[in-house]
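Q: Please take a close look at the place where the two parts of this chain meet, and set it in the context of the fold around it. I would like one connected account rather than a list.

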Amino acid sequence: MPSVFILVDGARADVFYEMLSQGLLPNIQKHVAERGVAVRNALTVFPSTTGPAHAPFLTGAFPGPLNIPGIRWFDRRKNSYQNYGPLAWLQFERDYVGPEAFAMNSDMNGKIKTIFEKLKDLTTASIFEPITRGAKFVYPPLANVMAKVFGPIGLFTWEHVDTLAARTFEMVYRCSALVKWMKLPSEPPAFSAVYMPGVDEASHEHGPLSKNVRHALQNVDKQIGHIAKTLIDLKLYDETSIVIGSDHGLRPTNLHFDLAKFLSTVGLDVRSFPVTFLQGLGEFDATVAISGNGMAHIYLAAEGAEEKAFPLQYIKHNWRRKPKLETLENYKIRKGRVNIIDLISHLLPVQHVFVAENKTTSHVYSCDGHGIIRKKGRNEYLYDVIEGKDPLGYDSIVKDGKIAYREWLNDKEWLTATSEAQFPDVPVQVSQIFESARSGDLIINSRMGWDLMLELPPHRGTHGGLHAAEMRVPLLIANSRYEIKPNQPLRTLDALDILLA
Ligand SMILES: [Zn+2]
């Protein structure tokens with residue numbers, strides 16, 4: 001069945017559904033909610049950030065196995081003297097904030113097919129969406145540049161980008177091969193993805209509960225009205241399923257902690273994003289890669305792994321070696337040694353620190369507790385508290401009359417047990433992100449109210465982490481053959497089967 005997927009970036013489930021129930025999103029109500037299901041219990045993935053959290057909708061996979069564990073990442077295996085050169089950074093680090101976004105297509109694990117690749121015999125379109133691998137028609141978000149330049153003076157705003165996305169949809173569906181030079185398909189696409197960034201931009205600038213966000217959502221609703229009208233005019237409405245989803249919510253922020261600067265004060269040479277020219281020339285002991293500004297990967301050099309000098313530059317560390325858990329617990333800094341996990345988990349702006357001990361065991365640290373996550377086989381997870389208070393607060397969650405500790409549960413059972421928790425789905429989400437070799441040695445989830453870097457203008461909303469406010473997203477499905485109960489918890493990666501049904 002033909003389908004249309006509309007990705008509303010950065011929509012919080014509660015704000016979205018509150019506006020829907022107040023009748024403030026009449027087009028979404030009429031064309032989507034009334035013709036299908038509004039899933040109340042849908043969760044995105046970790047990291048809850050633009051880019052990596054788009055991929056689950058379009059591939060059915062988590063960011064970990066897809067090997068894109070952040071909107072920014074560092075690949076320690078690629079930073080060695082063997083591939084040293086002026087363009088080495090192209091291989092060993094990525095920043096999808098900006099034009100590098102399109103590298104996501106080649107960075108993503110090629111064994112996992114995108115929906116465009118799965119539908120390779122049909123016409124497909126990717127409108128403003130950075131993930132385009134296999135799409136027949138690609139309309140890149142050039143309007144983003146306009147919004148970046150003219151947005152601050154109010155001439156061309158992010159809401160205009162959303163409007164233009166819907167207009168592009170209209171053009172793609174209404175026009176035929178007559179205008180071949182405009183790269184238009186000769187028939188309406190069997191699948192199209194339409195990306196609207198306006199709500200996310202308003203949330204970062206004004207806060208996720210601001211009236212600006214509500215205004216941007218009302219504009220999205222209006223644009224979805226245009227999309228529905230296009231389908232009605234072309235007599236495609238009754239045979240097309242429409243899915244609306246979001247890649248993450250946001251939590252309000254007004255406190256900014258400079259994590260990279262903190263690590264330099266303890267005596268490490270830190271490389272952080274956006275990488276400046278001078279930083280790019282120097283050597284470093286640590287890299288900090290922040291996503292959505294509420295989560296961070298920290299990559300640390302292993303000890304005793306110094307590289308030899310070579311003709312152009314001296315590379316201080318062999319980054320192919322990863323520090324072991326014991327090394328992190330007794331890590332060499334400028335003045336002696338410190339347990340770097342303890343040091344960071346006791347910082348006020350930090351809620352959780354995650355560390356992978358090996359392929360099947362990860363640790364969860366908070367300022368006053370330590371838990372452990374184990375994975376067995378393909379799909380069984382266990383969580384236990386080994387010291388102090390439960391860092392995830394799962395002690396209050398009861399499953400089948402028992403607390404979900406020390407029990408092997410599969411991913412669906414974890415989702416059901418924790419979908420309404422303060423930190424939902426963590427055992428599954430942390431296990432999956434560490435499947436990526438591009439993940440940090442330490443992964444940080446910041447505390448509510450705080451983010452981990454200062455951008456200008458200062459952000460009023462943050463995401464990337466595991467708080468319910470950023471993990472819970474709206475997911476609405478109209479006119480699908482796929483059967484869903486409104487109270488059934490789903491992850492955004494379940495949307496792929498719905499779009500393909
Ligand atoms: Zn986003």
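A: Two residues are taken to be in contact if their C-beta atoms, placed from the backbone, lie within 7 Å. The model discussed here is a predicted one. On that criterion, 23 residues of domain 1 are in contact with 22 residues of domain 2. The elements that supply two or more residues to the domain 1 side of this meeting are strand S2 (36–43), helix H10 (198–206) and helix H18 (468–471). Of these, H10 makes the largest contribution, with four residues. Sorted by character, the domain 1 side that touches domain 2 has ten nonpolar, ten polar and three charged residues.

The two domains themselves are laid out unevenly along the sequence: domain 1 is assembled from the segments 3–58, 112–250 and 465–500, while domain 2 is the single stretch 255–461. Taken over C-alpha atoms, their centres are separated by 31 Å. For scale, the C-alpha trace of the whole chain spans about 70 × 60 × 45 Å along its principal axes. The radius of gyration of the chain is 23 Å, in agreement with the value near 23 Å that a compact globule of 501 residues would have. Within the chain there are 19 helices and 25 strands, and buried residues make up 51% of the 501 residues. Of the contacts with a separation of 6 or more, 68% are between residues 24 or more positions apart.

The nonpolar interior bears directly on how the domains are joined. The largest nonpolar core has 138 residues, and those with the most contacts inside it are Ile 127, Ala 165, Val 194 and Ile 444. Both domain 1 and domain 2 give residues to this core, so it lies between them. Val 194 gives a view of the packing at one point: apart from residues up to four places away in sequence, Val 194 touches Val 4, Ile 6, Ile 127, Phe 128, Ala 165 and Phe 169. Two of the residues just listed, Ile 127 and Ala 165, are also among those with the most contacts inside the core.

Strand S2, one of the elements on the domain 1 side, deserves a closer reading through Arg 40, which is found in that strand. Arg 40 has 17 other C-beta atoms within 10 Å and is therefore partly exposed, given that a residue needs 20 or more to be buried and 12 or fewer to be exposed. Leaving aside neighbours within four places in sequence, the contacts of Arg 40 are with Pro 486 and Asn 487. Following S2 towards helix H3 (55–59), one enters the loop that holds Pro 47. The peptide bond from Phe 46 to Pro 47 is cis, with omega near 5 degrees.

Arg 40 can also be related to His 256, since these two residues are 216 apart in sequence and 31 Å apart in space, C-alpha to C-alpha. His 256 stands opposite Asp 451 in S22. Strand S9 (residues 251–256) pairs with S22 in the parallel sense over three bridges. The open sheet to which they belong has three strands in the order S22-S9-S23, with mixed pairing. Its edge strands, each pairing on one side only, are strand S22 (449–451) and strand S23 (461–462).

Some backbone details complete the picture. Most residues other than glycine have a negative phi, and most peptide bonds are trans. A cis bond joins Phe 273 and Pro 274, with omega about -10 degrees, and Pro 274 is placed in the loop between strand S10 (270–272) and helix H13 (277–281). Asn 293, though not a glycine, has a positive phi of about 75 degrees, and this residue lies in the loop between strand S11 (286–291) and strand S12 (295–300). Because Asn 293 has 27 C-beta neighbours inside 10 Å, Asn 293 counts as buried. Asn 479 likewise is not a glycine and has a positive phi, of about 60 degrees; its loop runs between strand S24 (472–478) and strand S25 (490–491). With 19 C-beta neighbours inside 10 Å, Asn 479 counts as partly exposed.

Terms used. Residues are numbered from 1 along each chain as its sequence is written. This is a predicted model: local features need pLDDT of at least 70, side-chain atom pairs count only at pLDDT 80 or more; totals for chains, interfaces and linings use all residues. The radius of gyration is taken over C-alpha atoms; the globule rule is 2.2 Å times the number of residues to the power 0.38. Domain bounds come from an automatic or database domain assignment. Ala, Val, Leu, Ile, Met, Phe, Trp, Tyr, Cys and Pro count as nonpolar, Asp, Glu, Lys and Arg as charged, and the others, Gly among them, as polar. Two strands pair if DSSP finds at least two bridges between them. A nonpolar core is a set of buried Ala, Val, Leu, Ile, Met, Phe, Trp, Tyr and Cys residues joined through C-beta atoms within 7 Å.
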